[in-house]
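Opening the notebook on a new model today. I want the overall layout to begin with, then the sheet, the cores and a few odd backbone angles.

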Amino acid sequence: MNLTTKQKQHLKALAHNLKPVVLLGANGLTEGVLAEIDSALNHHELIKVKVASTDRELKNAIVDAIVRETQSTKVQLIGHVLILFRQSEEMKIALPRAK
């Protein structure tokens with residue numbers, strides 16, 4: 001799903017008060033972590049994930065893998081916090097219209 005700039009701004013505003021629901025630790029990206037992220041996306045649609053990696057390239061590779069495996073959209077990555085969005089069938093979050 002490609003998001004417009006206006007839609008990303010809307011999602012960033014909604015995610016501002018959220019706390020990270022998944023924390024990636026020393027074990028990195030495992031099947032269990034991916035399952036937890038997938039479950040959280042199904043339930044909330046918009047989540048934050050904290051990626052604790054000091055290596056920038058490794059962090060970007062982890063983020064790309066998360067987005068690819070969960071079929072979600074990366075809204076923003078600030079520092080170690082990743083904001084992900086994946087719309088469910090219930091469409092809990094209404095996005096502004098794309099032009």
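**Entry 1: overall layout**

I'm working from a predicted model, so everything below is computed from it. I started by counting elements and got three helices and four strands. Reading from the N terminus, I noted the order as α-β-α-β-α-β-β. Next I looked up the radius of gyration, which is 13 Å; the globule rule also gives 13 Å for 99 residues, so the protein is as compact as a globular protein of that length. I put a box around the C-alpha atoms along the principal axes and got roughly 40 × 25 × 25 Å. I also checked burial, and 36% of the 99 residues count as buried. For the contacts with a separation of 6 or more, I found that 68% link residues 24 or more positions apart.

**Entry 2: the strands**

Which strands does β2 pair with? I found it parallel to β1 (residues 22-24), over three bridges, and antiparallel to β4 (residues 81-85), over five bridges. For the β1 side I wrote down L24, whose bridge partner in β2 is V51. For the β4 side I wrote down K48, which stands opposite I83.

I then asked how β1 connects to β2. Helix α2 (residues 31-44) goes with the two strands into a β-α-β unit, and I logged that unit as right-handed.

On to β3 and β4: this pair is antiparallel over five bridges. I83 turned up again here, as the β4 bridge partner of Q76. I logged β3 and β4 as a hairpin with two residues between the strands, and G79 in the turn has a positive phi of about 60 degrees.

Is β2 enclosed or open? I counted five buried residues among the six of β2 (residues 46-51), so the strand is largely enclosed by the rest of the structure.

**Entry 3: the cores**

A reminder to myself before the core lookup: nonpolar side chains in soluble globular proteins tend to be buried together. The largest nonpolar core here has 15 residues, and I listed L24, I37, I47, V49, I66 and L84 as those with the most contacts inside it. I traced where the core comes from: β1, α2, β2, α3 (56-70) and β4 each supply at least two residues. There is also a second, separate core of eight residues, and I noted L3, L46, I83 and F85 among them.

I picked L24 for a closer look. Skipping its neighbours within four places in sequence, I found L24 in contact with L29, V33, V49, K50, V51, A52, I62 and I66.

**Entry 4: helix α1**

Which residues of α1 (residues 5-15) are buried? I found Q7, L11 and A15. Looking down the axis of α1, I saw these buried residues fall within an arc of 70 degrees, so they line one face of the helix. That fits the textbook geometry: with 3.6 residues a turn, residues three or four places apart on an α-helix point the same way. I looked up what the buried residues of α1 pack against, and it is β2, β3 (73-78) and β4. On the face turned away from the buried side I noted the exposed residues T5, K6, Q9 and A13.

**Entry 5: backbone oddities**

I scanned for positive phi outside glycine and stopped at E45, with phi near 75 degrees. E45 sits in the loop between α2 and β2. Is E45 buried or exposed? I got 0% relative accessibility, and with the buried cut-off at under 20%, E45 counts as buried.

M91 also has a positive phi, near 50 degrees, and is not a glycine either. I placed M91 in the segment after β4. Here the relative accessible area is 55%, so M91 goes down as exposed.

**Entry 6: a last glycine**

I finished with G25, in the loop between β1 and α2. G25 is partly exposed, at a relative accessible area of 45%. How far is G25 from D64? I got 17 Å in space, C-alpha to C-alpha, for two residues 39 apart in sequence.

Conventions. Residues numbered from 1 in each chain as written. Predicted model: local features only at pLDDT ≥ 70, side-chain atom pairs only at ≥ 80, totals over all residues. Heavy atoms only, no water. Buried < 20%, exposed > 50% of the residue type's maximum accessible area, 1.4 Å probe, protein only. Pairing = 2+ DSSP bridges. Right-handed = clockwise from strand over helix to strand, strands pointing away. Core = buried A, V, L, I, M, F, W, Y, C linked by side-chain atoms within 4.5 Å. Contact = heavy atoms within 4.5 Å. Arc of directions from axis to C-beta. Rg over C-alpha atoms; globule rule 2.2 N^0.38 Å.
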